[in-house]
Amino acid sequence: MAWPRWRRWRGRGASPWPCCPLMAGPTRSSMKRPPCRRPRSPRWRRPATRAGRRRPAPRWPCWRGRGLPVAEDLAADIVPLPMAGAWHPQAGAGDPLALRPDPARPLVAVVFYRAYLAAQDCAAIAALIAALEAAGLAAHGLYVTSLKEPQSRRVAEAALNHWRPAAIINATAFSARDDAGHTPLDATGAPVFQVALATAPREGWAASARGLSPADLAMHVVLPEIDGRIMAGVASFKQPCAQDAALGFARQVHAPDADRIAAIVARVQGWIALARRPVAKRTVALVLSTYPGKAEAMAHAVGLDALASTQAILSDLAGAGYAVTPPDDLARRLAAETLAWPLTAYRAALTQLPTALQDDLAQAWGAPESDPACRDGAFHFAALRCGRALVALQPERGERAQRDEAYHDLSRCPRHGYVAFYLWLRAQKTDALVHVGAHGTLEWLPGKAVALSAACWPEALTGALPVVYPFIVNDPGEAAQARRRIGAVTLGHLPPPLRRAQGGAGLHTLEALLDEFSGAVGLDPARRDRLVKAIRAEAQALGLEAELGLDPAASAAEAIARIDRFVCDVKDSQYGDGLHVFGRGAQGTAERDGLLAALAGQRVAAGPAGSPWRGRADVLPTGRNLYAIDPRAVPSRAAHAQGVVLAQELVRRHLQDHGDYPRTLVVDLWGSATMRTAGEDFAMALHLLGAAPVWDAGSERVTGVEILPLARLDHPRLDVTLRVSGLLRDAFPMLPVLFGQAVRALCGRDEPPEWNPFAGQAPAPRVYGPGPGRYGAGIGAAAERYGAESRRAAGEAWLAASSHALDATTPQDDAAGLRARVAAAQAFVHAQDLPETDLLLGADHATHEAGFAAAQAVAGGSAQAALYHLDNRDPARPVARPLGEELARVVRARAAHPGWIAGMMRHGFRGGAELSAMLDHLGAFAHLAPGSVPAHLFDLYYHATLGTEAVRAFLARENPAALAAMQARFAALHAAGLWPTRRNAILAELGA
């Protein structure tokens with residue numbers, strides 16, 4: 001870089017900040033003593049009035065009326081520091097337009113606050129610039145008052161357009177978007193990397209599983225994500241200077257961390273190298289998930305055909321000039337082919353990892369030769385070369401038998417084969433990694449939740465490798481995990497398109513009878529009465545009255561109304577038509593453009609996460625870098641209003657079913673749903689307590705809770721316990737605190753105990769979840785090993801994975817307290833907001849909802865709680881259904897629906913995997929929550945799949961392992977007594 005002769009302010013050659021140690025040029029002050037070894041007590045001159053008299057000294061509280069001191073070393077005519085400008089630790093401050101960038105060296109602009117200059121606190125910025133230059137890059141600082149302050153925005157935009165940096169490192173906090181969604185860092189198209197200048201000491205960060213405080217998380221991570229910035233890590237920590245004896249004050253400064261700055265620079269270098277590599281010479285690795293570790297379920301991704309998407313991506317790359325060749329029959333080749341890496345190469349690469357990680361690996365897994373992927377002196381990976389592209393299956397991170405438990409567990413060290421895979425990718429000189437679909441295990445490896453260290457496994461394995469992650473647009477929580485822990489650019493893709501069911505499996509005759517009944521009402525009473533009997537007889541034959549919990553003695557009016565309502569719900573239900581293919585369909589162009597921009601090392605515009613099928617048109621176009629919401633504004637006012645409606649619907653349904661309020665209940669809260677809805681479920685829980693959020697009028701941030709008077713409630717205060725997910729714990733650390741505040745306030749109120757169950761009670765925890773570094777319900781394989789002992793194990797696992805009290809003064813394990821709350825619960829509720837999913841499309845619903853039933857059985861509950869699935873897909877019409885009724889709706893409207901099955905059959909291997917997984921999930925509900933899945937629902941699914949010749953032939957052709965798995969699963973369900981079918985044809989096929 002050619003350094004200019006700076007146009008100093010008013011032409012002065014010396015720095016306008018004479019005591020700043022980072023400025024060039026000697027000053028009268030710095031010649032007398034080393035500058036700023038400790039803050040000196042300033043003595044300020046009193047400004048003169050126009051009449052020549054000095055104004056009275058301003059009163060400053062800390063000086064106790066003595067007036068402000070005068071700095072004897074400060075020149076009287078120093079010019080004020082401009083609002084924004086350029087800065088370098090060697091050249092000082094100056095005009096950014098006078099800089100002449102050296103085209104031979106990529107330039108990195110480091111954006112930081114003007115306040116750091118004014119406070120003589122630029123050591124972290126200087127260290128970043130020095131490290132970038134030591135790495136062979138040009139670097140220059142750009143200070144601003146704020147990226148939202150108009151003059152600073154103009155200077156920053158002009159400077160960056162003049163400099164044309166290869167990358168931008170941003171050390172300011174918050175989002176810089178204006179009302180039009182633009183920021184001054186966008187125009188050049190350079191990727192913007194966000195660094196945190198932590199407000200906490202290094203010791204606190206080192207000991208913290210969370211990594212950053214809630215305030216730092218919001219300022220330096222969550223809000224900058226709104227601008228599409230790539231998380232690069234933490235650069236400095238607060239450190240006290242020596243105390244000034246005169247001031248009685250020890251200044252806190254940002255102390256740079258050399259190791260973290262080196263990691264930041266390496267990440268920036270990786271993206272710059274990707275951009276500078278000629279397209280035809282770029283090597284891209286496409287990695288597909290192996291979750292849930294079953295041969296028939298290879299390449300799983302939520303809502304995405306990852307195999308077809310990989311082929312589509314390779315075709316798009318080839319069309320863009322990449323030297324890649326799309327493969328044929330990708331599923332078969334990935335199942336059969338491997339690439340090898342010598343064990344000696346792995347051992348050499350392993351020595352580059354931190355010693356602590358090497359020790360953990362050896363202690364957990366022993367010698368690398370014992371790894372299942374190591375044979376004949378080499379590691380073998382399920383992978384194939386497609387020109388300059390690698391396509392590979394992500395290895396198992398642990399033992400396959402413990403696959404589900406380990407999937408979201410940050411405490412489990414990955415095995416040698418997993419570590420070897422990522423070190424091998426780096427040894428192949430891979431320029432970028434594309435993880436195809438949500439989601440893999442890399443971002444769930446042990447380490448801090450955010451602002452990782454060198455001893456965190458995600459950073460240790462990815463190093464400086466750029467990560468691009470096509471991710472379903474409706475899952476902000478798990479996308480955030482990838483952004484914050486592996487620095488991924490998460491490219492949103494569409495969920496599958498929705499189709500209206502229009503009819504339900506096995507309901508055709510009943511629908512016709514109901515239509516005939518509606519025409520007979522008021523016209524032909526005798527015919528109407530005959531139809532009532534026919535409708536009830538048909539409903540009983542179908543098992544529908546049992547599904548609805550309808551008493552045989554119920555009146556005709558009640559029976560017909562409930563049957564008709566259920567049939568209408570089924571007909572109005574929607575299901576995903578097949579799977580999405582990345583870069584194809586309505587948003588294909590946007591997705592392809594986003595991927596190509598990311599792989600060119602360019603900035604990808606930010607886009608919100610949410611469901612386009614729930615009215616969130618703002619998530620379109622897809623192909624943008626996903627972001628979540630400000631956790632401090634949750635729940636929003638709109639979310640609170642919807643939460644009140646949800647609470648009323650839940651109470652209404654419980655009163656209808658049981659004749660009383662749910663006096664004690666457990667509410668299941670998930671992080672992604674909280675992000676999508678801005679906290680509707682949490683607001684519901686507050687309203688059940690009889691409490692409401694309090695918002696700051698200006699910022700709309702939640703500042704506390706208000707206890708509503710009993711006169712404003714239409715129900716007694718209910719004793720609510722929250723079971724929150726690990727993602728919610730990390731992303732919304734203040735929500736457990738708010739809920740705990742409400743409970744403590746209720747304990748102190750003078751109210752009748754029949755209206756306030758907390759009155760007169762000692763405050764106790766009411767918010768539970770996984771401990772630090774843990775996620776999920778922990779049930780794992782116990783959900784699929786049928787039998788009483790396995791169900792007990794699942795219940796104990798649920799309790800163990802939920803026992804951390806998060807609203808306690810100091811979060812701590814409280815297993816006894818949780819067991820008591822679970823045992824006493826009269827109801828359990830989980831709300832669902834996504835129209836494109838349901839409780840059988842993934843394993844999590846079974847492990848959380850039915851897992852609670854298993855947990856209550858071992859916790860000693862005197863009666864089984866009512867299990868509710870609160871359908872919030874349409875905010876205008878939420879519906880609380882008992883778990884059995886919701887399962888019946890899903891099986892009849894989607895799982896056994898010929899339209900959904902036909903959609904899956906268009907996707908070959910992956911379609912077969914989805915059919916098999918559906919049965920696994922239905923079986924988990926039947927096992928963990930006895931009575932929730934009647935036999936006739938399994939009959940329906942069997943007839944729709946294995947009992948239909950075309951479907952059986954499809955499975956045999958496209959995914960024989962899925963066919964075998966379904967046959968084995970049906971047989972196991974029958975053997976365990978969970979499917980006591982009486983259909984002779986089925987029994988004959990089962991050999992029973």
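**Strands, helices and loops in a predicted model**

Good morning. Let me begin with a single pair of residues: L433 stands opposite V467 in β16. The model before you is predicted, and this pair leads into the surroundings of strand β15.

β15 and β16 run parallel, joined by 2 bridges. β15 also pairs with β9, again in the parallel sense, over 4 bridges. Within that second pairing, V284 has A432 of β15 as its bridge partner. How do the side chains of β15 point, and are they buried or exposed? A432 and V434 point one way, L433 and H435 point the other way, and all are buried. In a regular strand, side chains alternate between the two faces of the sheet.

From β15 I turn to helix α20, residues 588-599, because β15 is included in what covers the buried residues of that helix. That cover also includes β9, β16 and β17, together with the helices α7 and α8. The buried residues of α20 are G588, E591, G594, L595, A597, A598 and L599. An α-helix has 3.6 residues a turn, so residues three or four places apart point the same way. Does the length of α20 agree or disagree with what is expected of its 12 residues? At 1.5 Å a residue the helix should span 16 Å, and its end C-alpha atoms are 17 Å apart, which agrees. After α20 comes G601, whose phi is positive, near 70°.

A loop also deserves mention here. L445 lies in the loop between β15 and α14, the latter being residues 457-462. Is L445 buried or exposed? Its relative accessibility is 0%, so L445 counts as buried. With R499 as the reference, L445 is 54 residues away in sequence and 37 Å away in space, C-alpha to C-alpha.

Next, the three-stranded sheet. Its 3 strands form an open sheet in the order β10-β12-β11, with antiparallel pairing. Strands β10, residues 339-342, and β11, residues 374-375, stand at the edges; each has a single partner strand, so one side of each is left without a neighbour in the sheet. Between β11 and β12, residues 378-381, the antiparallel pairing extends over 2 bridges. One bridge partnership there is that of C374 with F379 in β12.

Two helices pack on this sheet. Helix α10, residues 343-350, touches β10, β11 and β12, and its direction makes about 60° with that of β10. Helix α13, residues 416-427, touches β10 and β12, and its direction makes about 85° with that of β12.

I now come to the eight-stranded sheet. Here 8 strands form an open sheet in the order β2-β1-β4-β3-β5-β6-β7-β8, and the pairing is mixed. Which strands stand at the edges? They are β2, residues 92-94, and β8, each of which pairs on one side only. From one strand to the next, the twist averages 30°. Helix α6, residues 214-225, lies across β6 and β7 and runs at about 160° to β6.

At the β8 end of this order, β7 and β8 run antiparallel and are joined by 5 bridges. K238 has H254 in β8 as its bridge partner. C241 is found in the loop between β7, residues 230-240, and β8, residues 252-256. With 22% relative accessibility, C241 counts as partly exposed, the cut-off for buried being under 20%. C241 and Q252 are 11 residues apart along the chain, and their C-alpha atoms are separated by 6.1 Å. Leaving aside residues up to four places away in sequence, C241 touches A250, R251 and V253.

Finally, the protein as a whole. Its secondary structure comes to 35 helices and 31 strands. The radius of gyration is 31 Å, close to the 30 Å that the globule rule gives for 992 residues, so the protein is as compact as a globular protein of that length. Along its principal axes, the C-alpha trace spans about 105 × 75 × 55 Å. Buried residues account for 58% of the 992 residues. How many of the contacts between residues at least 6 apart in sequence join residues at least 24 apart? The share is 75%. The accessible surface comes to about 37,400 Å², and 54% of it belongs to carbon and sulfur atoms.

Thank you for your attention.

Methods: Residues are numbered from 1 along each chain as its sequence is written. This is a predicted model: local features need pLDDT of at least 70, side-chain atom pairs count only at pLDDT 80 or more; totals for chains, interfaces and linings use all residues. Side-chain values use heavy atoms; hydrogens and water are left out. Two strands pair if DSSP finds at least two bridges between them. Contact means heavy atoms within 4.5 Å. Axes are lines fitted to C-alpha atoms, for helices over the stretch in contact, and angles run from 0 to 180 degrees between N-to-C directions. The radius of gyration is taken over C-alpha atoms; the globule rule is 2.2 Å times the number of residues to the power 0.38. Buried means under 20% relative accessible area, exposed over 50%, partly exposed in between (1.4 Å probe, protein chains only). Accessible areas come from the Shrake-Rupley method with a 1.4 Å probe; for residues, only the protein chains shown count as cover. The expected span of a helix is 1.5 Å times one less than its number of residues.
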